[in-house]
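Colleague: Please take a close look at one helix pair and the nonpolar packing around it.

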Amino acid sequence: MKTVRIVSLIARSAFMLAMLLGLLLWIAQILDLYMLLKVLLQIGMTYIHETLGITGALAFIILAFVAVRKRELRLLGIFSMVYAILVAAFGVTQSRILVGNLHWLIQVAHLLIGIGAMYLARGVEQRYRRLTQSGSGRQNSEAPVLQVM
């Protein structure tokens, strides 16, 4: 159970940091902050953003595999795997979709898909934790009790 919590935390943290860096790059472009944009690009901020996104997606896939192994979470796990692959594929290809004045629509969709991945990873973790806690509680209450007189 601790492993699920750690993997979920890694996924959500990586997605959150990627989102913050992406928003910083986006704001620098929108406000035409040439110096800030130049500094961000010189230190490889886009590569850091991509690496964090892929790290989050990989951790999310691991979390989905854990969910698939539980019968009660199997559908959620399969959906999470597909969603994690969608996040990674959309993140890698989004710069080539709808290039031009309407590219901001793709950027907003990219942001929303990333936020959805964070919420879904948290949901998988919570359901897994609830399931394992209720399962262990049931086992303890059904165990025979030895009474000493």
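Modeller: What follows describes one helix pair, then the cores. This is a predicted model, in which local features need pLDDT of at least 70, side-chain atom pairs count only at pLDDT 80 or more, and totals for chains, interfaces and linings use all residues. Residues are numbered from 1 along each chain as its sequence is written, and side-chain values use heavy atoms, without hydrogens and water.

Helices are DSSP runs of H or I with at least four residues, numbered from the N terminus. The axes of H3 (residues 45-69) and H4 (residues 74-93) come within 7 Å and cross at roughly 165°; axes are lines fitted to C-alpha atoms over the stretch in contact, with angles from 0 to 180 degrees between N-to-C directions. H3 is therefore roughly antiparallel to H4 (over 145 degrees). Residues in contact (heavy atoms within 4.5 Å) include Phe-60, Ile-61 and Ala-64 in H3, and Gly-77, Met-81 and Tyr-83 in H4.

Tyr-83 is also in contact, leaving aside neighbours within four places in sequence, with Phe-60, Leu-112, Ile-113, Gly-116, Ala-117 and Leu-120. The largest nonpolar core has 24 residues, and Phe-15, Phe-60, Leu-63, Tyr-83, Val-87 and Ala-117 have the most contacts inside it. Such a core is a set of buried Ala, Val, Leu, Ile, Met, Phe, Trp, Tyr and Cys residues joined through side-chain atoms within 4.5 Å, buried being under 20% relative accessible area with a 1.4 Å probe, protein chains only. H1 (2-30), H3, H4 and H5 (103-142) each supply at least two residues of this core, and the largest share, 8 residues, comes from H5.

Methods. Angles under 35 degrees count as roughly parallel, over 145 as roughly antiparallel, 65 to 115 as roughly perpendicular and the rest as oblique. Buried means under 20% relative accessible area, exposed over 50%, partly exposed in between (1.4 Å probe, protein chains only).
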